[in-house]
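Please take a careful walk through the model shown below, beginning with its interior and moving on to its metal site and its aromatic rings.

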Amino acid sequence: MIHTISILGSTGSIGTQTLEVARKLGLNVASLSAYGSIGILEEQIREFRPSLAVVYDANRAEELKIKIADTDTKVLSGMEGLFEICHDDSELLVNSVVGMVGLAPTLEAIKAKKNIAFANKETLVAGGELVMNAVRENGVKLLPVDSEHSAIFQCLQAAPPDKKLKKILLTASGGPFFGKTASQLKDVTVEQALNHPNWDMGAKITIDSATMMNKGLEIIEAAWLFDTDPGAIEVVVHRESIIHSMVEFTDNSILAQLGVPDMRIPIQYAITYPERVPSLVPEIDWKTLSKMTFAGADEQTFLCLAACKRAIKKGGLYPAVANGANEIANSLFRQRKLSFLEIGELVSAAVDELNVGSASCLDDVIAADQAAREFVTSHVK
Ligand code: MN3
């Protein structure tokens, strides 16, 4: 088992839970990074004593330097700082950055032959081809942390080498608005959208769950991670979030991975793989779990889901367009500058109306992302 990890995005939901797992497993932490939450980062530094801490925001990095002057932790800022983490002496980099801003450090870490526990889905959606080519060229492991992808990965441990996979059944909780019609969702508030029934997550992904953009991103993420035709990935709404996804083989036999909805299982499995050790997560209580329900997804109401499917089918930079349009639309909704339904309308329109080519380098992805963001902002009244 590995002994030393580093974390990109250590103050977010996945980052803090990764440190809970690290504490439980007695791991060393070589480097930590945050965008700007230096209060939480300072506490983490005092407990885990990393050699390097990176604050993306340069001003906040200066503030942190003063606060932790009594420790041995070096403080850096910006993308250069994140790149330095990619070359530290950890055995595994946990990438829990939110957004495609994680793409450049991901590519850098792969070039540095670092194995990655991967929670940064936007990076794989925007730059899937670049990332997967780099993974193959450098022979590194990309271990999924996203609960559905960890479930699929766990189920595939029982698959024959040629997989004989017929389908991936990607489960979705349906979020807070399952069963609602578009007219019922017209006046949804930010507070209502942030109220997820099963998972306690960061604000960006919670809104993505409410619009079902999250499931669209996860279809694209799964297509890249498991080298699967996106047409063979089916979304199954499962309100209880006990089954975290399933795989179906050519003989129509299905394997599923189950557990209480708690990210510390997939985080820990990415760290200890292929070993299993006791976790902080409780057992399922079968006496109180009275039923599990299943339904199809409503793509007429949740336009983001259909837009992501069109984007991966069009290929090239279209997934980067869908992701970039959503990153900005999601943020504008939280700032109350867009309505809930406009998120889906604008992501759809960006995928259908913008013209982009193929992704041959990082700059291509950044340009497509930028074009999608500008498309959305130009439509804000
Ligand atoms: Mn997920």
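A nonpolar core is a set of buried Ala, Val, Leu, Ile, Met, Phe, Trp, Tyr and Cys residues that are joined through side-chain atoms within 4.5 Å. In this predicted model, the largest such core holds 120 residues, and the members that touch the most others are Ile5, Leu64, Val131, Leu142, Phe340, Val365 and Val376. The element that gives the most to this core is helix α13 (residues 318-334), with 9 residues.

Valine 131 can be followed further, since its contacts, once neighbours within four places in sequence are left aside, are Leu103, Thr106, Leu107, Ile110, Thr123, Leu124 and Leu142. Leucine 103 also offers a comparison across the chain, for its C-alpha atom is separated by 9.4 Å from that of isoleucine 366, although their positions lie 263 residues apart along the chain. Isoleucine 366 belongs to helix α15 (residues 362-378), and with a relative accessible area of 39% this isoleucine is partly exposed.

Helix α4 (residues 78-86) shows how a short element can be placed against its surroundings, with Gly78, Gly81, Leu82, Ile85 and Cys86 as its buried residues. Seen down the axis of α4, these buried residues fall within an arc of 155°, and therefore they line one face of the helix. What they pack against is a set of strands and a helix, namely β1 (4-8), β2 (28-34), β3 (52-55), β4 (74-77), β5 (92-95) and α5 (103-111).

Strand β1 is also the place of threonine 4, a residue whose relative accessible area of 14% makes it buried, the cut-off for that term being under 20%. Apart from its neighbours within four places in sequence, threonine 4 is in contact with Asn28, Ala30, Ser90, Glu91 and Leu92.

The metal site comes next. Which residues coordinate the manganese ion? The donors are Asp146 (OD), Glu148 (OE) and Glu218 (OE), at 2.1 to 2.2 Å, and their spacing in sequence is D-x1-E-x69-E. Two of these donors link distant parts of the chain, as glutamate 148 lies in helix α7 (residues 147-156) and glutamate 218 in helix α10 (residues 213-225), 70 residues apart. Glutamate 148 and glutamate 218 are both buried.

The aromatic rings remain to be described. A pair of aromatic rings is described by the distance of the centres and the angle of the planes. Rings pair if their centres lie within 6.5 Å, and planes over 60 degrees apart count as edge-to-face; by this rule the count comes to 6 aromatic pairs. In one of them, the rings of tyrosine 269 and tyrosine 273 have centres 5.8 Å apart and planes at 75°, so this pair is edge-to-face. Tyrosine 269 counts as buried at 7% relative accessibility, whereas tyrosine 273, at 25%, counts as partly exposed. For the rings of phenylalanine 333 and phenylalanine 340, the centres are 5.7 Å apart and the planes stand at 70°, so this pair is edge-to-face as well, and both phenylalanine 333 and phenylalanine 340 are buried.

Ring pairs also join Phe153, Tyr269 and Tyr273 into a cluster. Finally, a charge meets a ring at tyrosine 318, where the charged end of lysine 314 sits over the ring, 4.2 Å from its centre.

Definitions and conventions:
Residues numbered from 1 in each chain as written. Predicted model: local features only at pLDDT ≥ 70, side-chain atom pairs only at ≥ 80, totals over all residues. Heavy atoms only, no water. Phe/Tyr/Trp six-rings, centres within 6.5 Å; stacked < 30°, edge-to-face > 60°. Buried < 20%, exposed > 50% of the residue type's maximum accessible area, 1.4 Å probe, protein only. Lys NZ or Arg CZ within 6 Å of the ring centre and 35° of its normal. Helix = DSSP H or I, 4+ residues; strand = E, 2+ residues; numbered from the N terminus. Arc of directions from axis to C-beta. Contact = heavy atoms within 4.5 Å. Donors = N, O, S within 2.8 Å, 3.2 Å for Na, K, Ca; no water.
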